[in-house]
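Please open the model in a viewer and keep the selection panel at hand. The tour proceeds stop by stop, naming what to select and then what is found there.

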Amino acid sequence: MKILRLTIFICFTTVHYLIGQEFPIYNGDQPDIMPVWHRVADDARVLRSVEAARLSPDGRLAVSASKFGYYLMVWRVADGGLVWEKKLTAEIECVVFAPDGKTFATGDENYMVTIWDSKSGKQVKQLEHDSSLDGITWSHDGKTIAAGSEKGDVWFWDATTYKLAGKVNVGSTVNSLDFSQNDEQLVVGGNIQTPNPKTKTTHYSGFVTLINVLKQSITRSYVGTKGSVKSVRFSFDEKWIASGGFDSTARIFETETGKLIKEFKEPLKIEAVAFTPDGQYLLTGGHQKMISFYRTKDMQLSYQLPSPRTEYLDLSADGRLLLTAHEDSGLISLFMFLSSTQHIPGLYYKIENQILNNRDIKKN
């Protein structure tokens with residue numbers, strides 16, 4: 001059943017992804033990664049920042065949302081060409097593509113989730129909330145949009161009728177959300193703000209929470225986070241949950257038990273985490289101007305990629321592409337993971353025979 005769902009979701013990249021699971025085509029000790037292009041996605045006069053950037057499910061388009069220029073931009077992945085752009089009236093905090101890639105959703109500081117047509121830029125629908133939106137995600141079956149607000153609520157919307165399907169309060173601010181592959185669970189990260197009337201200050205503590213989507217109830221909390229949690233992600237096999245935040249620490253938790261598996265201490269705040277689809281690496285990005293790659297097989301730092309301050313990380317479904325969004329510079333950047341098949345005798349030709357449809361291969 002899980003493979004069937006994967007086939008529907010990933011479309012033309014399915015064969016490549018399944019081979020990536022079956023054969024070790026990527027370097028498991030240190031990633032072979034190279035830049036493809038960099039683009040200016042916020043050209044505001046003073047400060048520049050891109051709050052979010054995502055790849056379409058088929059890996060052919062990318063969308064970026066700027067903080068100070070109020071620009072929403074869609075790019076061609078192949079050459080970094082601009083497909084369309086719109087200058088809006090408020091900051092967009094988060095974006096996510098629908099599984100079919102035909103539309104995507106944004107959450108903004110005007111309390112709106114907006115659905116956009118990917119090709120034309122036409123506005124399809126707006127869904128109003130009661131506060132600003134910092135996190136958004138779309139279920140893999142395409143049926144549900146989940147948005148997280150600065151009031152600490154997770155809003156569930158029917159993605160077909162656009163009717164509100166429920167709401168769950170989890171804290172003070174929701175920064176990040178991620179559906180499990182079967183869409184039965186939703187992991188949420190954010191912060192709880194506790195005012196101190198005597199000192200007139202506010203204490204921020206982070207949280208990572210698991211929601212049962214069908215019951216719309218909290219099933220588990222993950223202990224150990226301190227500062228505001230800015231990013232949470234499931235591993236593809238759903239065995240682990242990763243978090244990263246303003247306590248300058250990335251963490252891996254065991255999904256089912258809540259057990260803390262590993263902490264990765266970094267010198268500065270973390271804004272984004274992401275697992276590679278093949279499960280070999282956990283990536284982190286934030287204020288230290290490095291994207292860090294941690295090997296999951298031994299939980300060791302494997303590689304660091306120089307970058308501006310990183311706000312968001314997104315990987316293509318087949319694991320070949322990495323899209324990054326950056327503060328300070330207003331840049332988005334695309335990188336490619338290179339396959340590493342030549343060191344295993346016969347592997348290249350085995351894969352070639354399996355996926356190519358050439359006449360000379362067929363007759364053999």
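A salt bridge is taken here as a side-chain nitrogen of Lys or Arg within 4 Å of a carboxyl oxygen of Asp or Glu. The model is a predicted one, and by this rule it holds 11 salt bridges.

**First stop: the charges around Arg-251**

Select Glu-263 and Arg-251, whose side chains meet in a salt bridge at 2.9 Å, N to O. Glu-263 belongs to strand S21 (residues 260-265) and Arg-251 to strand S20 (residues 249-254), so this pair ties together parts that are 12 residues apart in sequence. Is each partner buried or partly exposed? Glu-263 is partly exposed, with a relative accessible area of 30%, whereas Arg-251 is buried, with a relative accessible area of 1%.

Add Lys-265 and Asp-247 to the selection: salt bridges that share partners join Asp-247, Arg-251, Glu-263 and Lys-265 into one network. Within this network, Asp-247 forms a salt bridge with Arg-251, the closest N and O atoms being 2.8 Å apart. Both Asp-247 and Arg-251 are buried.

**Second stop: a link between two loops**

Next, select Lys-297 and Asp-29. These two residues form a salt bridge in which the closest N and O atoms are 2.9 Å apart. Lys-297 lies in the loop between strand S24 (290-295) and strand S25 (300-306), and Asp-29 in the loop between helix H2 (14-22) and strand S1 (33-40), so the pair ties together parts that are 268 residues apart in sequence. Lys-297 is exposed, with a relative accessible area of 60%, while Asp-29 counts as partly exposed at 45%.

**Third stop: aromatic rings**

Turn now to the aromatic side chains, among which 10 pairs are counted. Select Trp-84 and Phe-104. How are their two rings arranged? The ring centres are 6.1 Å apart and the planes stand at 15 degrees; planes under 30 degrees apart count as stacked, so this pair is stacked. The pair links distant parts of the chain, with Trp-84 in strand S5 (residues 82-87) and Phe-104 in strand S7 (residues 103-108), 20 residues apart. Trp-84 is buried, at 8% relative accessible area, and Phe-104 is buried too, at 0%. Extend the selection to Phe-97 and Trp-116, which form one aromatic cluster with Trp-84 and Phe-104.

**Fourth stop: lysines over rings**

Select Lys-167 together with Trp-155. Lys-167 lies over the face of Trp-155, at 4.3 Å from the ring centre. Then select Lys-269 together with Phe-246, where the lysine lies over the face of the phenylalanine, at 4.4 Å from the ring centre.

**Last stop: an open sheet**

Finally, switch to a ribbon view and select strands S10, S11, S12 and S13. They form an open sheet of four strands in the order S10-S11-S12-S13, with antiparallel pairing. Which strands stand at the edges? Strand S10 (133-138) and strand S13 (164-169) do, each with a single partner strand, so one side of each is left without a neighbour in the sheet. Neighbouring strands of this sheet are turned by 20 degrees against each other on average, direction ignored.

To examine one pairing in detail, show the backbone of S10 and strand S11 (residues 144-149), which pair in the antiparallel sense over five bridges. Gly-135 is found opposite Gly-148 in S11.

Notes:
Residues numbered from 1 in each chain as written. Predicted model: local features only at pLDDT ≥ 70, side-chain atom pairs only at ≥ 80, totals over all residues. Heavy atoms only, no water. Phe/Tyr/Trp six-rings, centres within 6.5 Å; stacked < 30°, edge-to-face > 60°. Buried < 20%, exposed > 50% of the residue type's maximum accessible area, 1.4 Å probe, protein only. Lys NZ or Arg CZ within 6 Å of the ring centre and 35° of its normal. Pairing = 2+ DSSP bridges. Axes fitted to C-alpha atoms, helices over the stretch in contact; angles between N-to-C directions.
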